[in-house]
Amino acid sequence: MKVTILGCYSATPRTFTNPTSQVLEINNHIFLIDCGEGTQVELRRNKIKFSRINHIFISHLHGDHFYGLVGLVSTFRMLNRENPLHIYGPEGIKEAITLQLKLSNSWTDYPLLFHELTSEDSQIVFEDDKVIVSTIPLQHRIYCNGFLFQEKLGDRKLLMSKVLNYDIDKVYYKSIKKGKDVILDDGRIIPNSELTDDPAPAKSYAFCSDTKYDEEKISLIQDVTTLYHESTFLESHKHLCEKTGHSTAIEAATIAKKANVKNLILGHYSTRYGNIELFKEEAQTVFENVEIGDDGKVFKY
């Protein structure tokens with residue numbers, strides 16, 4: 001699992017920082033999460049292939065999280081994209097994007113599929129045989145969702161040193177990896193546990209931006225491999241959280257601790273601060289495994 005931070009600052013873009021956008025690579029999928037201004041430039045800077053992005057997840061309709069989307073959609077068209085592009089986001093995102101395409105006479109030549117979200121409860125929005133994606137309802141000033149990306153457990157690992165002890169045709173290897181026992185020609189049953197080992201543990205990634213402190217989401221992100229949680233303010237500006245619908249670094253760390261996550265990535269910093277390492281220092285007073293998200297940073301798990 002690999003997370004590439006394209007942008008992780010709040011409010012407006014600057015010459016040296018970008019608003020929210022990131023890429024998650026998990027089980028042969030490349031998912032784009034949020035799409036602030038400058039996203040396609042950062043995709044190129046980080047050498048991420050546009051053609052491999054088939055699913056884009058938008059948390060909410062504040063500009064610093066989706067104003068780069070119509071530009072990316074248009075660029076896909078100019079690159080002669082043919083594959084369908086799926087966009088998951090709040091109700092209204094289809095109108096916002098298609099109006100701009102209509103007024104600029106820039107309709108896509110590829111299928112552009114919108115999946116508009118309205119539920120206040122967690123729901124599955126994407127699933128295949130490898131990954132499942134569900135929403136994490138967040139408490140912000142407008143309707144907002146985080147997203148939980150979960151690998152499905154892979155096949156069991158064949159222990160060839162054990163398998164070759166028996167006269168087992170290769171045609172059965174696939175079913176053995178799926179957990180089936182083997183019945184030999186002489187009637188003996190070889191239990192699957194003797195022939196295989198457990199698959200690698202499934203990884204998971206929770207994206208939570210933007211939100212004020214809210215313990216209701218803890219059950220949804222319990223024990224995840226990595227949590228990205230907004231930390232707009234330091235404790236000195238905690239009084240701004242309720243009005244703006246944001247969190248402090250310590251509040252993000254508290255959620256991480258209560259949810260028993262393995263790793264925490266901070267982001268969505270207010271641009272009033274000159275030193276983002278202060279966010280890590282404050283968060284680590286509550287939770288140890290803290291990473292500072294920053295534009296261009298890559299995290300592998």
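Student: Which residue of β16 does Thr 226 stand opposite?

Tutor: The model is predicted, and the pairing here is read from it. Strand β15 (residues 226-230) and β16 run parallel and are joined by five bridges. Within that pairing, the residue of β16 opposite Thr 226 is Asn 263.

Student: Which residue of β17 stands opposite Ile 265?

Tutor: β16 also pairs with strand β17 (residues 290-292), in the parallel sense and over three bridges. In β17, the residue opposite Ile 265 is Glu 291.

Student: Is the β-α-β crossover from β16 to β17 right-handed or left-handed?

Tutor: After β16 the chain passes through helix α10 (residues 277-283) and then enters β17. The hand of this β-α-β crossover is right-handed.

Student: How many of the five residues of strand β16 are buried?

Tutor: In a regular strand, side chains alternate between the two faces of the sheet. On one side of β16, Asn 263, Ile 265 and Gly 267 are buried, and on the other side Leu 264 and Leu 266 are buried as well. Both faces are therefore covered, and the number of buried residues in β16 (residues 263-267) is five.

Student: Which residues have the most contacts inside the largest nonpolar core?

Tutor: The largest nonpolar core has 54 residues. Helix α9 (residues 249-258) gives the most to this core, with five residues. A second, separate core has 25 residues, including Ile 58 and Phe 76. In the largest core, the residues with the most contacts are Leu 227 and Leu 266.

Student: Which residues from 261 to 265 does Leu 227 touch, leaving out those up to four places away in sequence?

Tutor: With those sequence neighbours left out, Leu 227 touches Ala 206, Cys 208, Ile 221, Ile 255 and Ala 256, among others. The remaining ones it touches are Val 261, Asn 263, Leu 264 and Ile 265.

Student: Why is Cys 35 in no disulfide, and what is the total count of disulfides?

Tutor: A disulfide is a covalent bond between the sulfur atoms of two cysteines. The closest cysteine sulfur to that of Cys 35 is in Cys 8, 15 Å away, and because the cut-off is 2.5 Å this is too far for a bond. Cys 241 is in no disulfide either, with the sulfur of Cys 144 nearest at 15 Å. The count of disulfides is zero.

Student: Is Cys 241 buried or exposed?

Tutor: The cut-off for a buried residue is under 20% relative accessible area. Cys 35 has 0% relative accessibility and counts as buried. At 6%, Cys 241 is buried.

Student: Which strands are at the edges of the open sheet of seven strands?

Tutor: The strand order is β6-β5-β4-β3-β2-β1-β18, with mixed pairing. From one strand to the next the twist averages 20°. At one end, strand β1 (residues 2-7) and β18 run antiparallel, joined by three bridges, with Val 3 opposite Phe 299. Each edge strand pairs on one side only, and these are β6 (112-117) and β18 (298-300).

Student: What angle does the direction of helix α4 make with that of β6?

Tutor: α3 lies across β3 (29-35), β4 (53-57), β5 and β6, and runs at about 170° to β5. Helix α4 (residues 93-103) packs on the sheet and touches β5 and β6. The angle between α4 and β6 is about 150°.

Student: Where is Pro 84, and which residues is Pro 84 in contact with, leaving aside its neighbours within four places in sequence?

Tutor: Pro 84 is in the loop between α3 (69-78) and β5 (85-90). Its relative accessible area of 34% makes Pro 84 partly exposed. Apart from those sequence neighbours, the residues in contact with Pro 84 are Asn 54, Pro 111 and Leu 113.

Definitions and conventions: Residues are numbered from 1 along each chain as its sequence is written. This is a predicted model: local features need pLDDT of at least 70, side-chain atom pairs count only at pLDDT 80 or more; totals for chains, interfaces and linings use all residues. Side-chain values use heavy atoms; hydrogens and water are left out. A nonpolar core is a set of buried Ala, Val, Leu, Ile, Met, Phe, Trp, Tyr and Cys residues joined through side-chain atoms within 4.5 Å. Buried means under 20% relative accessible area, exposed over 50%, partly exposed in between (1.4 Å probe, protein chains only). Helices (H or I, at least four residues) and strands (E, at least two) are DSSP runs, numbered from the N terminus. Contact means heavy atoms within 4.5 Å. Two strands pair if DSSP finds at least two bridges between them. A crossover is right-handed if, with the strands pointing away from the viewer, the path from the first strand over the helix to the second runs clockwise. Axes are lines fitted to C-alpha atoms, for helices over the stretch in contact, and angles run from 0 to 180 degrees between N-to-C directions.
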